[in-house]
Amino acid sequence: MAIPSIAIYGMGRFGRALAGALPEGVLVRTGGRSRAPHGYEDLHAQGPAAFMHDLKAELVILSVPDDALETVAAELAAQPGAVGRFYVHTSGARGADAIIALADSDIGVFHILQSFPLEGGSALIPGSYATVAGEPKLVGVLRELAEVLKLTVLEQPDPFDHAAYHAAAVLASNALIALLDTGCQLLMQAGIPAAQAEKMLIPLAQGTLQNAQSQGLLDALTGPVARGDVGTIQQHLSILTGESRQAYIAMMLSVADTAARSGRTPSDKLSEIRRLLTQT
Ligand SMILES: NC(=O)c1ccc[n+]([C@@H]2O[C@H](COP(=O)([O-])OP(=O)(O)OC[C@H]3O[C@@H](n4cnc5c(N)ncnc54)[C@H](OP(=O)(O)O)[C@@H]3O)[C@@H](O)[C@H]2O)c1
């Protein structure tokens, strides 16, 4: 099965990353509320009417904010010639029903489990995971697209807990950034200049991710909780205040759960650590 001709509505982070990763000739139109991003001037149509006018695409991909999906689907569905193609949205938080206004055609989901910046996101697509949903014919098309993009693809089971799936993605990506930011503030508290603090936790996080990939999550866990070093946790708690203290306590309780599952930490030490964390 060859991949279909594609149009993308919503040229933000996801839309641009995907557009840049598609093989030449596959992308026939881009669109959205705004004018064309740099490099897409020839393909771009502003607004739903211009986007749908004489559109030759077999697959239309809506990559607009989650909260705009219903509105945008209704706008596209109201245009002449809307029926008779595939429509998917790219949100991990919603099912195909988010674009139910387009249900006279085949509707589905094409979510890539990755964090795309505004520029340069295409390079992150190969090797990422994607999950797809829809009727079998549409899923076949999306699997083909995923293969061309070098994604590892999974079909979303039915039923599928979108909230749990998306919360996992948010923790692995957005929460990681917030933790690094909190860590950066603490490095500055320790006396390290801001310019260095911003950079020096990145190789540590990268090493940790590498360990998680090569050894699995449980074996990758190091540090005072896994070792049962109660005194070190006490030392941390003695200087932490405000939001960094709250973040530390919430995360170390979670680390204690992971350590317990790893089976490497003596249970009396874990109890002591949990007591310290919950009594402060
Ligand atoms: N970024 C990621 O890492 C990522 C990863 C996986 C999935 N996703 C999903 O991809 C979708 C898009 O996310 P994003 O991060 O790419 O968002 P984004 O960077 O904010 O881009 C959204 C795009 O949609 C357009 N838009 C907003 N409201 C619109 C409307 N009512 N009508 C037409 N166009 C509208 C915006 O154009 P304007 O300039 O007109 O506002 C913008 O081009 C979301 O469902 C998100 O969950 C994102």
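This report covers the domains, the central sheet, two helices, the ligand shell and two single residues of a predicted model.

**Domains**

The domain assignment splits the chain in two: domain 1 covers 6-160 and domain 2 covers 163-279. Their centres, taken over C-alpha atoms, are 36 Å apart. Contact between them involves 5 residues of domain 1 and 4 residues of domain 2. On the domain 1 side, the touching residues are 3 nonpolar and 2 polar, with no charged residues.

**The sheet**

An open sheet is built from 8 strands. Their order is β3-β2-β1-β4-β5-β6-β7-β8, and the pairing is mixed. The edges are β3 (44-46) and β8 (152-155), each of which pairs on one side only. From one strand to the next, the twist averages 25 degrees. At one end of that order, β7 (residues 129-133) and β8 run parallel and are joined by 4 bridges.

**Helices across the sheet**

Two helices that lie across strands are set out below.

| Helix | Strands it lies across | Angle |
|---|---|---|
| α1 (13-21) | β1 (6-9), β2 (27-32), β4 (59-62) | about 160 degrees to β1 |
| α4 (136-148) | β4, β5 (86-89), β6, β7, β8 | about 30 degrees to β6 |

Strand β4 lies under both helices in this list: α1 lies across β4, and α4 lies across β4 too.

How enclosed is α1 by the rest of the structure? Largely, because 7 of its 9 residues are buried. These are F14, G15, R16, A17, L18, A19 and A21. The cover over them includes β1, β2 and β4. Those strands are also the ones that α1 lies across.

**The ligand shell**

Around the ligand there are 24 residues. Those that come nearest are G10, G12, F14, R33 and S91. Three elements give two or more residues to this shell: α1, α3 and β6 (106-113). Which element gives the most? Helix α1 does, with 3 residues. F14 links two parts of the picture: F14 is among the residues nearest the ligand, and F14 is one of the buried residues of α1. By class, the shell holds 8 nonpolar, 13 polar and 3 charged residues.

**Y129, in strand β7**

Y129 belongs to strand β7. In the pairing with β8, Y129 stands opposite T152. Beyond its neighbours within four places in sequence, Y129 is in contact with L113, L151, T152 and L154. T152 therefore appears twice, as the residue opposite Y129 and as one of its contacts.

Is Y129 buried or partly exposed? Y129 counts as partly exposed, because it has 14 C-beta neighbours inside 10 Å, and a buried residue would need 20 or more. Y129 and Y9 are 120 residues apart along the chain, and their C-alpha atoms are separated by 22 Å.

**T71, in helix α3**

T71 sits in helix α3 (residues 69-77). That helix is among the elements that give two or more residues to the ligand shell. T71 counts as exposed because it has 12 C-beta neighbours inside 10 Å, and the cut-off for exposed is 12 or fewer. T71 and P203 are 132 residues apart in sequence. In space, they are 42 Å apart, C-alpha to C-alpha.

Conventions. Residues numbered from 1 in each chain as written. Predicted model: local features only at pLDDT ≥ 70, side-chain atom pairs only at ≥ 80, totals over all residues. Near = placed C-beta within 6 Å. Nonpolar A, V, L, I, M, F, W, Y, C, P; charged D, E, K, R; others polar. Pairing = 2+ DSSP bridges. Axes fitted to C-alpha atoms, helices over the stretch in contact; angles between N-to-C directions. Contact = placed C-beta atoms within 7 Å. Domains from an automatic or database assignment.
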